[in-house]
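Trainee: I have a new model open and I'd like to learn how to read it. Could you walk me through a few features?

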2 protein chains.
Amino acid sequence: MSFAADSVGVVTPQKFTFEQPLQLECGRILPRFELMVETYGTLNSDHSNAILICHALSGHHHAAGFHHEDDKKPGWWDACIGPGKAIDTNIFYVVALNNIGGCNGSTGPISPNPENDNRPYGPDFPLVTVRDWVKTQKMLSERLEIDVWHAVVGGSLGGMQAQQWSVDYPDALKNCVVIASAPKLTAQNIAFNEVARQSILSDPDFYHGRYLEHDSYPKRGLILARMVGHITYLSEEAMKQKFGRDLKSGKFMYGFDVEFQVESYLRYQGEQFSRNFDANTYLIMTKALDYFDPAREFDGNLPEALAQTKCRFLVISFTTDWRFSPSRSQEIVNALISNHKPVSYMDIEAEQGHDSFLFPIPLYVKTLHNFLTSTLQPNTASEV
Amino acid sequence: MSFAADSVGVVTPQKFTFEQPLQLECGRILPRFELMVETYGTLNSDHSNAILICHALSGHHHAAGFHHEDDKKPGWWDACIGPGKAIDTNIFYVVALNNIGGCNGSTGPISPNPENDNRPYGPDFPLVTVRDWVKTQKMLSERLEIDVWHAVVGGSLGGMQAQQWSVDYPDALKNCVVIASAPKLTAQNIAFNEVARQSILSDPDFYHGRYLEHDSYPKRGLILARMVGHITYLSEEAMKQKFGRDLKSGKFMYGFDVEFQVESYLRYQGEQFSRNFDANTYLIMTKALDYFDPAREFDGNLPEALAQTKCRFLVISFTTDWRFSPSRSQEIVNALISNHKPVSYMDIEAEQGHDSFLFPIPLYVKTLHNFLTSTLQPNTASEV
C-alpha cells in the first residue's frame with residue numbers, strides 16, 4: 001500500500017522515560033513516568049522549527065500517519081498534519097505525545113504502580129492537571145533539546161495546555177495556537193462532565209476503579225459517558241443533516257431497539273469508544289478539564305493571568321461549536337487585547353460543531369498554515 | 001395552616017375508570033384503564049369554561065394546590081393555576097390528569113396487568129403516544145360532559161398534546177396554548193432521550209423492566225437519566241448565575257466527591273427524582289416525545305397537518321430555552337400563519353431555559369391570562 005503524497009506515512013512511536021519524581025499540583029508525587037511520543041518532519045539545525053501538539057480528551061501521541069503499511073486509520077489529526085498540510089511537516093518538526101494519566105502508552109491508570117507491587121495504578125493514579133501535563137511536556141522538550149517551541153498547538157483540552165504553556169513558560173514558545181477552546185469550563189460544561197463521570201462511577205463493574213484487578217470493565221458506564229459527550233461534540237445542525245428523524249427500519253417499531261438513525265450512531269460510537277479507552281483515564285481527563293482555570297490564582301482575572309505571556313497567539317473558534325462556543329474563545333482574545341498582546345482571531349464558519357477542529361476546513365487550514373509560517377526565521381525557511 | 005389567597009387550597013384527586021378496550025397507535029389494545037384527575041374552580045352551567053392541562057415528561061394530575069393542610073409542596077404548576085393567576089380558577093374550571101403510562105395513579109407500568117395475574121405491567125405496558133393520550137383525554141372530556149374545551153394548555157410534551165388535540169378533535173377546543181414546545185423532536189433531542197434510556201436500560205438492576213418482580217430498582221440509571229435531562233432544562237446562563245464555578249468546600253479536593261456546587265445540585269436532583277418516579281414510565285415518556293410528529297402522515301408537511309384545525313392558538317417560547325428553542329415554536333407559528341389560522345406568538349425574555357414555563361414570569365402570566373379570558377362568552381363571564 002502506498003500513502004497519499006500529503007501523508008507522513010508510517011510512523012513509529014517512541015517511549016521516553018523520566019526517572020526523577022514528579023511533584024503534582026494535587027500534592028502527590030509520581031515516582032517516575034513515561035511518555036509515548038511521535039514526531040513528524042525533521043528538526044532543523046538550530047532546533048527552531050519544532051511544534052508541539054497537545055491532545056484533547058480522548059487523543060494521544062498518534063496524531064498523524066499510520067502505524068504500519070496496512071493501517072486503515074491514520075492518526076487523530078492527520079487531516080491537519082503532513083507535507084503541505086495546515087501543520088506542514090515539510091517545514092516543521094512536529095511532536096505529539098500521550099499525556100500522563102492517559103491510556104495509550106504514557107504512564108497512567110493502566111500502568112504498573114511501583115508503590116503497589118506493580119499492580120495497575122487504577123484509581124490510585126493521581127488526578128493530574130493541565131499544569132502538570134505542561135510540566136511534563138517541558139521536561140520532554142528538554143530531552144528533545146528544544147529550548148523554544150516555534151509553536152504549541154492544541155484543540156479543546158489541547159488548547160488549554162497551549163494556554164498554560166504561554167503562562168507557565170513564557171520564554172519557551174514563540175507562538176500559541178488555541179483552537180475550539182475556553183479559558184475555563186462553565187457550570188454547564190462541568191455538569192456534562194459530571195454526568196459522564198457518574199455513568200462510570202455508578203457502573204457496578206467499576207469496582208471503585210479496580211476493575212482490572214477484578215477482571216472486569218465498566219463498559220456500560222463508558223458507553224454512556226461517550227454518548228453524552230458525543231452529543232456535545234456535534235452541532236445540532238450537523239446532527240440534523242446527518243440523521244434528521246430518519247428511521248432505521250423505515251417505520252416506528254414501538255420498542256427499545258434502535259428506531260432512529262441517530263440512536264444507532266450514538267450507540268455505535270459509544271460501543272467503539274468503550275473498547276479502546278480506559279475508564280479511569282476518562283475520569284482523569286474530565287477532571288483536568290474541570291480544574292483548568294489559569295485565572296484562578298489571579299482572583300478570576302484572566303487578563304492578569306495572561307499578562308506574563310510573551311508569545312504571539314492565534315485563537316480559532318467555530319460558528320456551530322456549542323461545547324466551547326465562539327464567545328468563550330473571545331474571552332481569551334479580549335483578555336489578550338486588554339494586555340496589548342499580539343493575537344489573531346478567526347471564527348470559522350463550520351457545520352461540525354466542536355469536532356470542527358479535526359476537519360480540514362479550507363479557511364481554517366489556510367489560517368493555521370499562514371500563522372505558523374509567517375514568523376519563520378530565515379534559517380528555518382532555508383531548511384525547506 | 002392557611003393557604004395564600006391565590007391558592008386553590010386543598011384538593012382531592014379523583015380516579016376515573018374506563019372499562020372499554022382502548023386501541024393504541026402501536027397496534028396493541030389496553031383492556032381497561034384508569035385516569036387520576038384533579039379539578040380546580042367551578043364548571044359553569046353550559047360547561048363552556050373548562051380548561052384542560054396536559055402534563056410534561058415528569059408531570060401528573062397534581063398541578064395546583066395541596067393534598068393536605070400540612071403539605072409543603074404544591075402541585076407542579078401552582079405558579080400559574082389559582083384564583084387570579086394566569087389560569088384563573090375564579091373564571092375557569094381547570095382539569096388536570098395523569099396520562100396513561102404514568103406512575104402517579106393512572107394506568108401504567110406499575111399498575112396490575114389483568115392479562116398477567118395482575119402482576120405489574122412493567123415492560124409489558126405498551127408504548128403509548130401523544131395521540132393515544134389525547135384519545136384518552138377525549139374520553140375523559142365526555143365523562144366530564146365537556147363537549148368543547150375553552151382551552152387545551154400544555155408546556156413542553158404537554159404542548160405537543162395541545163397541538164394533537166387541535167388536529168385530532170378540531171371541534172372540541174376553542175383555544176390551544178402551546179408553551180415551550182416543538183412540532184417534533186430534532187436528532188439532538190432524540191439523542192439526549194436515547195442517553196437517558198440507555199442509562200436505565202443498561203442498569204443491571206433494571207432486569208429488562210421487571211425490577212418490581214425482582215424487588216429491585218434501577219436507581220442509578222434513573223439518576224443518570226434525570227441528570228442529563230436536567231442539564232437540558234436549564235439555560236447555560238441560569239446555571240452560570242446559580243452555580244458558576246463555585247466549589248463546595250472552597251478548594252479543589254482532587255477526588256470524585258462533589259467539588260463544584262453544580263455537581264452537588266445535579267446529584268441531588270437525580271437522587272430526589274429517582275425516589276418518586278418509575279423507570280418504565282420514564283422510558284415511555286421519552287419514546288412518546290420521540291414519536292410525536294403530527295406532520296408525519298402528511299409527508300412531513302406541518303402546514304398540511306394543521307390545516308384542519310379550527311381553534312385559536314397561543315404559542316409561547318422562552319429566549320433561553322435550548323431544549324426547544326424559540327425557532328421550534330416559530331415553526332408551529334409559521335405553519336399556522338401559512339394556513340391563515342388565528343395565532344398569537346410571544347417569545348418571553350426569561351433566564352430559566354426550558355423550565356421557564358413553570359415560573360410566574362410577569363409578561364408570560366399576563367399573556368396567558370389575557371389570551372384565555374379574551375374570548376370568554378358573555379354567559380361565562382357572568383358566572384364570575
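Mentor: Let's start with a stretch of chain, looking at its two ends and its make-up. In this predicted model, the end C-alpha atoms of residues 49-345 of chain A lie 23 Å apart. That span is 37% helix and 14% strand.

Trainee: What does UniProt say about residues 49-345 of chain A?

Mentor: An unreviewed UniProt entry annotates them as "domain: AB hydrolase-1". As for chain A as a whole, it has eleven helices and 14 strands.

Trainee: How does the radius of gyration of chain A fit a compact globule?

Mentor: You compare it with what the chain length suggests. A compact globule of 384 residues would have a radius of gyration near 21 Å, and chain A agrees because its value is 21 Å. Along the principal axes, its C-alpha trace spans about 65 × 55 × 50 Å.

Trainee: How much of chain A counts as buried?

Mentor: Of its 384 residues, 59% do. Carbon and sulfur atoms make up 49% of the accessible surface of chain A, which comes to about 14300 Å².

Trainee: Now a single residue: is B:Glu34 buried or exposed?

Mentor: Check the relative accessible area against the cut-off: buried means under 20%. B:Glu34 has 18%, so it is buried. You'll find B:Glu34 in strand 4 of chain B, residues 33-40.

Trainee: Which residues is B:Glu34 in contact with, beyond its neighbours within four places in sequence?

Mentor: Among them are B:Lys15, B:Phe16, B:Ile100 and B:Thr107. B:Phe16 is 18 residues away along the chain, yet its C-alpha atom is 5.5 Å from that of B:Glu34.

How values were computed: Residues numbered from 1 in each chain as written. Chains lettered and ligands numbered in written order. Predicted model: local features only at pLDDT ≥ 70, side-chain atom pairs only at ≥ 80, totals over all residues. Heavy atoms only, no water. Helix = DSSP H or I, 4+ residues; strand = E, 2+ residues; numbered from the N terminus. Rg over C-alpha atoms; globule rule 2.2 N^0.38 Å. Buried < 20%, exposed > 50% of the residue type's maximum accessible area, 1.4 Å probe, protein only. Areas by Shrake-Rupley, 256 points an atom, 1.4 Å probe, with all protein chains shown as cover. UniProt positions renumbered as here; feature names shortened; annotations may be inferred. Contact = heavy atoms within 4.5 Å.
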